[in-house]
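Colleague: I have a few questions about how you name things in this model. Could you show me the structure and take me through them?

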Amino acid sequence: MVEDLIVIGSGPAGLTAGIYAGRAQLSPLLITGSALGGQMALTNEIENYPGFPEAISGQELTQLMQKQAERFGTRVEMDEVTGVDFSVHPFKVKTYAQEYEAKAVIIATGASPHKLGVPGEEEFAGRGVSYCATCDGFFYQNRTVIVVGGGDAAVEEAMFLTKYASKVYLVHRRDRLRAEKVTQERAFKNEKIEWVWDSVVTEILGPENKNEGVAQAHIKNVKTGEESFLKADGVFIYIGNVPNTQFLGEQVELNERGYIVTDRKCRTSVPGVFAAGDVQEWVLQQIATAVGSGAMAAMEADKFIAELEGTAYPERTT
Ligand code: NAP
């Protein structure tokens, strides 16, 4: 059986593509990836997605979007794509469980947290080193944690962590934050956050008995060269993202950072293959923009299939 459309990824771009493609009666198959909702589901509080003036949790927004996509006939499959073949048509999409064929594909695999790449990071992953305050913050009641980064994610999640932790060090490599001004202002008022400017974490260390988890981090001031140790029970890393495009090999054009090159209609270098959300190059990495591109990609996929089957309406001229 050849699917009309396969959507790869279940963040806001993928789920929105599911809603629009479902309403276009394509009965899309949406393959979730390792975690339903992607980074959206890991966000504690979403304050800037329109329609939720009092904020909404990422988990809840994910569930609502999934429900809406399923209502219009999207089939949500909990599986992960391991490879694709876009050199043939119908396209081939391989997952852990099976191999599918599809007339059109939307790639909405988003991006994953960037690693610091310092000693101790891998060793203590899941035992003190985390990339998700929503998931792990609870374990740090009345303890001290370090947050690394200076963007929206680092500052917002540092504030979230103050709900549990007695102290949060925010270590940033410059003396100015990249985060939105409104977020910065709120964070500067939070007395539980101590700012460690112009500094980088060079190593994450445990106590003598390493099985006990994180005990401190080695810090270096990049301006003065001064080195010090910060005692902390956890290190949360928020230093940006890397695109999830490894499974694509060289089948669509990627930029030098691995993001998918698309035109403004979400079309990739392969006709019939579209990309939406954070996996696209040069997009504002926001839920609102991911949603917009998911809708665009679904409409373009619908048009591609209609053209393929000779059922397309003529292009609008006005
Ligand atoms: P980001 O905006 O790219 O910020 C990454 C931060 O990490 C920067 O401050 C950067 O420092 C620092 N950094 C990068 N590499 C580093 C390294 N090797 N060592 C130490 N520090 C390093 O990433 P993000 O905060 O994860 O956000 C990703 C995207 O999602 C952004 O577009 C962001 O606006 C969006 N987002 C939005 C919201 C929201 O709107 N509420 C929430 C979360 C995320 P420099 O500043 O010196 O470059």
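Colleague: Where does Pro90 lie?

Modeller: Pro90 lies in the loop between strand S4 (81-85) and strand S5 (91-95). Helices (H or I, at least four residues) and strands (E, at least two) are DSSP runs, numbered from the N terminus. Before we go on: this is a predicted model, where local features need pLDDT of at least 70, side-chain atom pairs count only at pLDDT 80 or more, and totals for chains, interfaces and linings use all residues. Residues are numbered from 1 along each chain as its sequence is written, and side-chain values use heavy atoms, with hydrogens and water left out.

Colleague: What makes the peptide bond from His89 to Pro90 cis?

Modeller: Its omega is near 0 degrees, and the bond is therefore called cis. Most peptide bonds are trans.

Colleague: Which residues are closest to the ligand?

Modeller: Asn48, Asp152, Glu156, Arg174 and Arg178 are the closest of the 19 residues that surround the ligand. A residue is near a molecule if one of its heavy atoms lies within 4 Å of it.

Colleague: What makes the Asn48 pair with the ligand a polar contact?

Modeller: A polar contact is a pair of N or O atoms within 3.5 Å; within protein, one must be able to donate a hydrogen and the other to accept it, and residues adjacent in sequence count only if both atoms are side-chain atoms. A polar side-chain atom of Asn48 lies 2.7 Å from an oxygen atom of the ligand, so the pair qualifies. A backbone N or O atom of Gly151 lies 3.3 Å from a ligand oxygen atom, and for a polar backbone atom of Gln285 the distance is 3.2 Å.

Colleague: Why do you say the ligand lies between domain 1 and domain 2?

Modeller: Because domain 1 (2-113 + 241-309) and domain 2 (129-237) both give residues to the shell around the ligand. The bounds come from an automatic or database domain assignment. Helix H5 (residues 152-161) gives the most to that shell, with 3 residues.

Colleague: What stands out in the backbone at Gln25?

Modeller: Phi of Gln25 is near 60 degrees, a positive value in a residue other than glycine. Most residues other than glycine have a negative phi. Gln25 is found in the loop between helix H1 (12-23) and strand S2 (29-31).
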